[in-house]
Amino acid sequence: MGIRVANVSKRFGDFQAVDDVSVDVESGSLVALLGPSGSGKSTLLRLIAGLEETDDGRIWITGEEATGRSVQDRQVGFVFQHFALFKHRTVRQNVSFGLELRRWKGDAIRRRVDELLELVQLQGLGNRYPSQLSGGQRQRVALARALAVQPRVLLLDEPFSALDAKVRKELRAWLRNLHDEMHVTTVIVTHDQEEAMEVAEKIVVMNHGKVEQIGTPAEIYDQPATPFVMGFIGAVNVLPQGAMGVAGPGPEAGAAEAQLFVRPHDVEVFTAQQEGTVAVELRRLTHLGRDLQAELVMADGQVITAQIPREQMAFDSLQPGCRLFVRSREARSFVPDYSI
């Protein structure tokens, strides 16, 4: 086992940041801690790193208990959100910093730094300063520095959130490829659902300091365990039971107050009435490249969103205010959790 977290809790004053959390991270895997702000994901990462002390519970890293160990003794590589590079040191000097602290010799440091700069695709930039690099390049320097000391695990706290969307996407693909080469046990914290789905083999969804669900990206998206998970992972329409021709609570609900959760791509839209459809009014049609996004108003005034492939409908003839018909291709029912 790469990392084992068992019944760990952490409180800051009256705020319960992490509440009896247990997570296993397989050796060599890449796992994402995903959740909104305040869900406890960054605190959990800092507890694993030893940057915070647990109130309760135990932590193991590569089979050895680390609960009471210092940050240095845990041998983890940590990458922060805002790079945390030394501005007065060159790229080479930033990457070699941890090796110098561990009293590596000059030739060994040079060889290791050369290997890492090639690994993170920054050959030829070793003598530049952080101010002379792009945001994406600075984050790769931070990753190289974390990897320099050959950590047992690599921990990344929202490493790409300070970058623009295009650079974030490029670095996600780069990180995934890097992990496939190195197979270092890696945990990445993110609030970006797309990022977690793209890079991680498993996702730990957190909310209010607790784990809502652990699973592969496909399991989390297709088989959400709770209404929070379904609402947080991807867009969803939340409707009362009986809406869009779907009657009665599903097996997950079993109560009259259950709500219907329908993904926008599971809303079928027709220009003429079909079996099982209900009438809606088109409020807005947005072009999203290959797909169209339709905002539709139901008879009770509720607005729902549908995602429609362009080839499915003659969209040129559709105008705001026109009458359309919808039904659900697939839906899930959940009882709302009013305790959160």
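Helices here are DSSP runs of at least four residues and strands are runs of at least two, numbered from the N terminus. With that labelling in hand, let's walk through this predicted model, starting with one helix that will keep coming back.

That helix is H5, residues 135-148, and one of its partners is H6, residues 165-182; their axes come within 11 Å and cross at roughly 25°. Angles under 35 degrees count as roughly parallel, so H5 and H6 are roughly parallel to each other. The crossing in which H5 passes H6 is right-handed. On the H5 side, the contact is made by Gly-136, Gln-139, Arg-140, Leu-143 and Leu-147, while H6 brings Val-167, Leu-171, Trp-174, Leu-178 and Met-182. Sorted by class, the residues of this contact are seven nonpolar, two polar and one charged.

Now turn to another neighbour of H5. Helix H4 covers residues 106-119, and its axis comes within 10 Å of that of H5, with a crossing angle of roughly 140°. Roughly antiparallel would need an angle over 145 degrees, so H4 and H5 are oblique to each other. Their crossing, too, is right-handed. Here H4 contributes Arg-112, Leu-116 and Leu-119, and H5 contributes Ala-144, Leu-147 and Ala-148. Five of these residues are nonpolar, none is polar and one is charged. If you have Leu-147 selected in your viewer, keep it highlighted: this residue of H5 belongs to the contact with H6 and also to the contact with H4.

Next, the empty space. Rolling a probe the size of a water molecule over the atoms shows where empty space is left. How many cavities of 30 Å³ or more does the structure hold? There are two.

The largest cavity encloses about 60 Å³ of space. Leu-147 turns up again in its lining, together with Leu-30, Leu-154, Leu-175, Leu-178, His-179, Met-182, Val-184 and Thr-186. Which element gives the largest share of this lining? It is H6, with four residues. Two of the names in the lining, Leu-178 and Met-182, are also among the H6 residues that touch H5. By class, the lining has seven nonpolar residues, two polar ones and no charged ones.

The second largest cavity holds about 50 Å³, and a different list of residues surrounds the space: Ile-3, Val-5, Val-23, Val-25, Val-31, Leu-33, Leu-44, Ile-48 and Val-187. At least two lining residues come from each of strand E1 (3-12), strand E2 (15-25), strand E3 (30-34) and helix H1 (41-49). The class count for this cavity is easy to remember: nine nonpolar, no polar and no charged residues.

Finally, look at the largest pocket, with a volume of about 560 Å³. Its lining has 20 residues, and those closest to the centre are Val-76, Gly-77, Phe-78, Arg-102 and Val-149. Helix H2 (71-74), strand E6 (76-79), helix H3 (91-101) and our familiar H5 each give two or more residues to the lining. The largest share, four residues, belongs to E6. The lining as a whole divides into 14 nonpolar, four polar and two charged residues.

Let's return to H5 to tie the tour together. This helix makes contact with H6 and with H4, and H5 is also one of the elements that line the largest pocket.

How values were computed
Residues are numbered from 1 along each chain as its sequence is written. This is a predicted model: local features need pLDDT of at least 70, side-chain atom pairs count only at pLDDT 80 or more; totals for chains, interfaces and linings use all residues. Side-chain values use heavy atoms; hydrogens and water are left out. Axes are lines fitted to C-alpha atoms, for helices over the stretch in contact, and angles run from 0 to 180 degrees between N-to-C directions. Angles under 35 degrees count as roughly parallel, over 145 as roughly antiparallel, 65 to 115 as roughly perpendicular and the rest as oblique. A crossing is left-handed if the near helix is turned anticlockwise from the far one by less than a right angle, and right-handed if clockwise. Contact means heavy atoms within 4.5 Å. Ala, Val, Leu, Ile, Met, Phe, Trp, Tyr, Cys and Pro count as nonpolar, Asp, Glu, Lys and Arg as charged, and the others, Gly among them, as polar. On a 1 Å grid over the protein atoms alone, a cavity is a set of points where a 1.4 Å probe fits but cannot get out, and a pocket is an open set with protein on both sides within 12 Å along at least five of seven lines; lining residues have an atom within 4 Å of a point. Grid points are joined across faces, edges and corners, and a volume is the space filled by probe spheres set on the points.
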